[in-house]
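User: I am new to this structure and would like a close look at a single part of it, the enclosed space. Please describe what surrounds that space, then place it in the rest of the model.

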Amino acid sequence: MSYISFEDVCKDYPAGNTVVHASDHVNFHIEKGEFCVVLGPSGAGKTTVLNLLGGMDKATSGRIIVGDKEITGLRSSQLTEYRRHDVGFVFQFYNLMPNLTALENVELAQQVCERALDPREVLEQVGLGQRMNNFPAQLSGGEQQRVSIARALCKTPALLLCDEPTSMQDASTRGEIIEVLRRRTEKGMSMLFVTHDLLLAAHAARKIIVLKDGRLCESGGSKEVLAAPKHPYTKALLDALPRVNRRLDDGRER
Ligand code: ADP
Ligand code: MG
């Protein structure tokens, strides 16, 4: 059985007199230690899927299973434990405490999770060894993003949910962060990573999920999906990125 199962999951949000189907009968599976990239245009339902998986939102119907837990069947106190111990979340907007230093922000992870790593070590790993005592306002957007990545990694979560976490990084820093994350997946952490960066998907991910209008367009091994996309949206994404196509044609894609 897969580590994560999303089974016929629906999430409806009321919107005036109508309903938005943010997740519309979505099915996918992710294995332990899998690096999975989630692609899709704005409003596709990417954040909704992360929120449902992270136990921050409740599905309207369907089943979500993570490891030995059925998330859709947990009571609110069990969901709190699940969020504290099993899940790390890197939000699109870093959500740092403005009155705490970078180090103190990462130390917060130690307060909710007893098996947390040394915050200083994790900050070193994301390249912020020299900036630990700076407050968020004294850090660039990219550096703040890295603090929030360090805070999530510090908990050693079994599942890491990342919502466009490297969008503000330069190419070389982005590569270093992806490498830190990829090494964690080798140690067994499963990861869903929302991004618009197809090159990242091609080079680092093992699996790709493509969403549009709340529906799953396609999912599968990253190599297979990028070499032979089935859905018109995925094909259009690839056509817009000739460099990826060339690399795939060369057979040097990973
Ligand atoms: P994405 O992350 O792919 O941009 P989202 O998951 O944030 O997409 O949103 C999917 C759809 O659900 C969008 O149409 C969005 O407006 C709607 N939506 C998301 N969250 C809410 C909410 N809390 N209330 C109402 N509608 C929402
Ligand atoms: Mg989003």
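Analyst: **The largest cavity and its setting**

The largest cavity holds about 40 Å³ of space. The model is predicted, and it has one cavity of 30 Å³ or more. The residues that line the largest cavity are Gln125, Val126, Gly127, Arg146, Thr173, Glu176, Ile177 and Val180. Helix α6, residues 171-186, gives the largest share of this lining, with four residues. By their numbers, these four are Thr173, Glu176, Ile177 and Val180. By class, the lining has three nonpolar, three polar and two charged residues. The charged ones are Arg146 and Glu176, and the nonpolar ones are Val126, Ile177 and Val180.

Helix α6 also takes part in an open space. The second largest pocket, with a volume of about 160 Å³, is lined by Ala171, Arg174, Gly175, Ile178, Asp197, Leu199, Leu200, His203 and Ala204. Two elements give two or more residues each to this lining, α6 and α7 (198-204). Ala171, Arg174, Gly175 and Ile178 fall within the range of α6, while Leu199, Leu200, His203 and Ala204 fall within that of α7. The lining of the second largest pocket divides into five nonpolar, two polar and two charged residues.

The largest pocket contains about 420 Å³ of space. Of the 17 residues that line the largest pocket, Arg83, Phe91, Val112, Arg151 and Lys155 are nearest its centre. Elements with two or more residues in this lining are α2 (76-85), β6 (87-90), α3 (102-112) and α5 (141-154). Arg83 belongs to the range of α2, Val112 to that of α3 and Arg151 to that of α5. Helix α5 also leads back to the cavity, as the number of Arg146, one of the cavity-lining residues, lies within 141-154. The lining of the largest pocket has nine nonpolar, four polar and four charged residues.

The model also contains a ligand. Around ligand 1 are Tyr13, Val20, Ala22, Pro41, Ser42, Gly43, Ala44, Gly45, Lys46, Thr47 and Thr48. This shell consists of five nonpolar residues, five polar residues and one charged residue; the charged one is Lys46. Oxygen atoms of ligand 1 have protein atoms beside them at three listed distances. A backbone N or O atom of Ala44 is 3.0 Å from a ligand oxygen, a polar side-chain atom of Thr47 is 2.8 Å from one, and a polar side-chain atom of Thr48 is 2.6 Å from one. On its own, ligand 1 has 560 Å² of accessible area, and the protein covers 59% of that. Elements that give two or more residues to the shell are β2 (18-30) and α1 (46-53). The largest share, three residues, is that of α1; by number these are Lys46, Thr47 and Thr48.

As for the chain as a whole, it has ten helices and ten strands. The radius of gyration is 18 Å, close to the 18 Å given by the globule rule for 254 residues, so the chain is as compact as a globular protein of that length. Along the principal axes, the C-alpha atoms fill a box of roughly 50 × 50 × 40 Å.

Methods. Residues are numbered from 1 along each chain as its sequence is written. Chains are lettered from A and ligands numbered from 1 in the order in which they are written. This is a predicted model: local features need pLDDT of at least 70, side-chain atom pairs count only at pLDDT 80 or more; totals for chains, interfaces and linings use all residues. Side-chain values use heavy atoms; hydrogens and water are left out. A residue is near a molecule or strand if one of its heavy atoms lies within 4 Å of it. A polar contact is a pair of N or O atoms within 3.5 Å; within protein, one must be able to donate a hydrogen and the other to accept it, and residues adjacent in sequence count only if both atoms are side-chain atoms. Accessible areas come from the Shrake-Rupley method with a 1.4 Å probe; for residues, only the protein chains shown count as cover. On a 1 Å grid over the protein atoms alone, a cavity is a set of points where a 1.4 Å probe fits but cannot get out, and a pocket is an open set with protein on both sides within 12 Å along at least five of seven lines; lining residues have an atom within 4 Å of a point. Grid points are joined across faces, edges and corners, and a volume is the space filled by probe spheres set on the points. The radius of gyration is taken over C-alpha atoms; the globule rule is 2.2 Å times the number of residues to the power 0.38.
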